[in-house]
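Open the model in your viewer and keep the sequence panel beside it. This tour goes stop by stop, with something to select at each one.

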Amino acid sequence: MELAEATHNQVALLALAWGVSQSEAVQRLVDHFQRTSTPKKSRKEGMIDVHASYEGVRVEGFYDPAAESVTVPEGPAQGRYKSPSGAAAAVLRAQNPKVSSSRNGWSFWIITDTGNPLQTIRR
């Protein structure tokens, strides 16, 4: 792939800042564009507002008690995840791909209205 020198320099700078190869930097940009170009998901009835904080960044989400899934409506980890742990892993990969993304999502996500871990309403 050919890039203008200025564009190549910008990709190289992003790769350096993120601590990844230039190829990985391009992949992250493409992944981010694909996630943000899809319509944002809105909260449906019966969903519970949740959030998580990681490395000083607050991530909002919705927990679906019927499916035990978490939806992150916007940001780098945007998407619907089959489990709270899957959503937690996506947040960690988006914020810091160098750390293990293995987390217990039931303790990672906080119920926004109560401040309690999601674990407190687990079936």
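A polar contact is a pair of N or O atoms within 3.5 Å. Keep that cut-off at hand for two of the stops. The model on screen is predicted.

**The whole chain**

Start with a cartoon view. The protein chain has four helices and five strands. From the N terminus, the elements run α-α-β-β-β-β-α-α-β. Of its 123 residues, 30% count as buried. Now turn on a surface. The chain exposes about 7,700 Å², and carbon and sulfur atoms supply 52% of that area. Contacts can be sorted by sequence separation as well. Among those between residues at least 6 apart, 35% join residues at least 24 apart.

**The sheet**

Select the strands. In what order do the five strands of the sheet stand? The order is 4-3-2-1-5, in an open sheet with antiparallel pairing. Strand 4 (79-81) and strand 5 (110-111) are at the edges with a single partner strand each, so one side of each has no neighbour in the sheet.

Next, select strands 1 and 2. They pair in the antiparallel sense over seven bridges. They form a hairpin, with two residues between them. Click glutamate 55 in that turn: its phi is positive, about 50°.

Move on to strands 2 and 3. These run antiparallel and are joined by three bridges. Here the hairpin has four residues between the strands. Glutamate 68, in the turn, has a positive phi of about 55°. For one bridge, select tyrosine 63 and its partner in strand 3, valine 70.

Then step across to strand 4. Three bridges join strand 3 to strand 4, and the two run antiparallel. Valine 72 stands opposite glycine 79 in strand 4.

**Serine 69**

Select serine 69, in strand 3 (residues 69-72). Is serine 69 buried or exposed? Its relative accessible area is 1%, so serine 69 is buried. Show side chains and add arginine 80. A polar contact of 3.2 Å joins the side chains of serine 69 and arginine 80. That distance falls within the 3.5 Å cut-off. Now show what else serine 69 touches. Leaving out residues up to four places away in sequence, its contacts are Phe62, Tyr63, Asp64, Arg80, Tyr81, Lys82 and Ser83.

**Histidine 51**

Go to histidine 51 in strand 1 (residues 48-54). Histidine 51 counts as buried because its relative accessibility is 11%, and the limit for buried is under 20%. Which side chain makes a polar contact with the side chain of histidine 51? Select threonine 112: the distance is 3.0 Å. Across the strand pair, histidine 51 stands opposite glutamate 60 in strand 2. Not counting neighbours within four places in sequence, its contacts include Arg58, Val59, Phe108, Trp109 and Ile110.

**Two aromatic pairs**

Display the aromatic rings. A search of the whole structure finds two aromatic pairs. One joins tyrosine 63 and tryptophan 106, edge-to-face, at 5.8 Å centre to centre and 75° between the planes. Tyrosine 63 lies in strand 2 (residues 57-64) and tryptophan 106 in helix 4 (residues 105-108), so this pair ties together parts 43 residues apart in sequence. Tyrosine 63 is buried at 2% relative accessible area. Tryptophan 106 is buried too, at 6%.

Now select phenylalanine 108 and tryptophan 109. Why is this pair edge-to-face? The ring centres are 5.5 Å apart and the planes stand at 85°, and planes over 60 degrees apart count as edge-to-face. Phenylalanine 108 is buried, with a relative accessible area of 13%. Tryptophan 109 is buried as well, at 0% relative accessibility.

**Helix 3**

Finish on helix 3 (residues 84-95). Place a distance between its end C-alpha atoms: they are 17 Å apart. At 1.5 Å a residue, its 12 residues should span 16 Å, so the two values agree. Colour its buried residues: Pro84, Ala87, Ala88, Ala89, Ala90, Val91 and Leu92. What covers the buried residues of helix 3? The cover includes strand 1, strand 2, strand 3, strand 4 and helix 4.

Note on methods. Residues are numbered from 1 along each chain as its sequence is written. This is a predicted model: local features need pLDDT of at least 70, side-chain atom pairs count only at pLDDT 80 or more; totals for chains, interfaces and linings use all residues. Side-chain values use heavy atoms; hydrogens and water are left out. Buried means under 20% relative accessible area, exposed over 50%, partly exposed in between (1.4 Å probe, protein chains only). A polar contact is a pair of N or O atoms within 3.5 Å; within protein, one must be able to donate a hydrogen and the other to accept it, and residues adjacent in sequence count only if both atoms are side-chain atoms. Contact means heavy atoms within 4.5 Å. Accessible areas come from the Shrake-Rupley method with a 1.4 Å probe; for residues, only the protein chains shown count as cover. Rings of Phe, Tyr and Trp (its six-membered ring) pair if their centres lie within 6.5 Å; planes under 30 degrees apart count as stacked, over 60 as edge-to-face and the rest as tilted. Two strands pair if DSSP finds at least two bridges between them. The expected span of a helix is 1.5 Å times one less than its number of residues.
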